[in-house]
Amino acid sequence: MSNDSRIDTLVSFYESLSVENLANFADFYAEDAYFKDPFNEVRGVEPIRRIFTHMFDQVAEPRFVVSERVVQGASAVLVWEFHYRVKFWGQGQAQSICGVSHLKFDAEGKVVWHRDYWDAAEELYSKLPVVGALMRGLKKMVAS
């Protein structure tokens, strides 16, 4: 499978991620794959799958949209938006988080390293009712 078709298939998986297809992580991730984001750092396809399962427990209508991709050799960078509704705020207003995933692949085309980069302070904490007001105040204080 070519790099482009491998990435196309993986992006399609991310963009169609659902509770029903969470078991398919093993089709895309190596058994000992590494994953890190602002809240998690795990090794193994099962712990990675559990992170995404937890996502479905925490938010309603989660959906990834990949807007850009850069592929070089056995690595790729995906620029994405994550859209969701917060379950615990009464299915309130739609929210989104912008981020980037850096991926590395093994010889079989499976993900062996997945690092997500996104600003938890700006993209998440600043949207919380009380913490958000504090974050905006701090941002205003330190802005030039």
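Student: Let's start with the sheet: how many strands does it have, and in what order do they come?

Tutor: Keep in mind that this is a predicted model. To read a sheet, walk across it from one side to the other. Here you meet six strands in the order β2-β1-β6-β5-β4-β3, and the sheet is open, with mixed pairing.

Student: Which strands stand at the edges?

Tutor: β2 (41-43) and β3 (59-72) do; each has a single partner strand, so one side of each is left without a neighbour in the sheet. As you walk across, neighbouring strands are turned by 20° against each other on average, direction ignored.

Student: How do I read the pairing of β3 with β4?

Tutor: Check the direction and the bridges. β3 and β4 (residues 75-86) run antiparallel and are joined by 11 bridges. For one example, find A60: its bridge partner in β4 is R85.

Student: And what about β1, which strands does it pair with?

Tutor: On one hand, β1 runs parallel to β6 (residues 111-117), with four bridges between them. Look for Y34 there, standing opposite W113 in β6. On the other hand, β1 pairs with β2 in the antiparallel sense over three bridges. K36 has E41 of β2 as its bridge partner. β1 and β2 make a hairpin, with four residues between them.

Student: Which helix packs on the sheet, and which strands does it touch?

Tutor: That's α3 (residues 45-58), touching β1 (29-36), β2, β3 and β4. Its direction makes about 55° with that of β1.

Student: Take I48 in that helix. Is I48 buried or exposed?

Tutor: Buried counts as under 20% relative accessible area. I48 has 0%, so it is buried. Now see what surrounds it: leaving aside neighbours within four places in sequence, I48 is in contact with F25, Y29, A33, Y34, F35 and V42. Take F25 from that list: I48 and F25 are 23 residues apart in sequence, but their C-alpha atoms are 8.1 Å apart in space.

Student: What should I know about a nonpolar core, and which residues have the most contacts inside this one?

Tutor: In soluble globular proteins, nonpolar side chains tend to be buried together. The largest nonpolar core here has 32 residues, and those with the most contacts inside it are L10, L17, F25, Y29, F52, M55 and F82. At least two core residues come from each of α1 (3-15), α2 (25-28), β1, α3, β3, β4 and β5 (94-105). You can start from F52: beyond its neighbours within four places in sequence, it is in contact with L17, L22, F25, F35 and F64.

Student: How do I read a pair of aromatic rings?

Tutor: A pair of aromatic rings is described by the distance of the centres and the angle of the planes. There are 12 aromatic pairs in this structure. F25 and Y29 form a tilted one, 5.3 Å centre to centre with 45° between the planes. F82 and Y84 also have their centres 5.3 Å apart, but their planes are at 20°, so that pair is stacked. Both F82 and Y84 are buried. F25, Y29, F82 and Y84 are among the members of one aromatic cluster, which also includes F52 and W80.

Student: Where do charged ends sit over rings?

Tutor: Look at R6: its charged end sits over the ring of F105, 4.2 Å from the ring centre. Then find K104, whose charged end sits over the ring of W113, 4.5 Å from its centre.

Definitions and conventions
Residues are numbered from 1 along each chain as its sequence is written. This is a predicted model: local features need pLDDT of at least 70, side-chain atom pairs count only at pLDDT 80 or more; totals for chains, interfaces and linings use all residues. Side-chain values use heavy atoms; hydrogens and water are left out. Two strands pair if DSSP finds at least two bridges between them. Axes are lines fitted to C-alpha atoms, for helices over the stretch in contact, and angles run from 0 to 180 degrees between N-to-C directions. Contact means heavy atoms within 4.5 Å. Buried means under 20% relative accessible area, exposed over 50%, partly exposed in between (1.4 Å probe, protein chains only). A nonpolar core is a set of buried Ala, Val, Leu, Ile, Met, Phe, Trp, Tyr and Cys residues joined through side-chain atoms within 4.5 Å. Rings of Phe, Tyr and Trp (its six-membered ring) pair if their centres lie within 6.5 Å; planes under 30 degrees apart count as stacked, over 60 as edge-to-face and the rest as tilted. A charge sits over a ring if NZ of Lys or CZ of Arg is within 6 Å of the ring centre and within 35 degrees of the ring normal.
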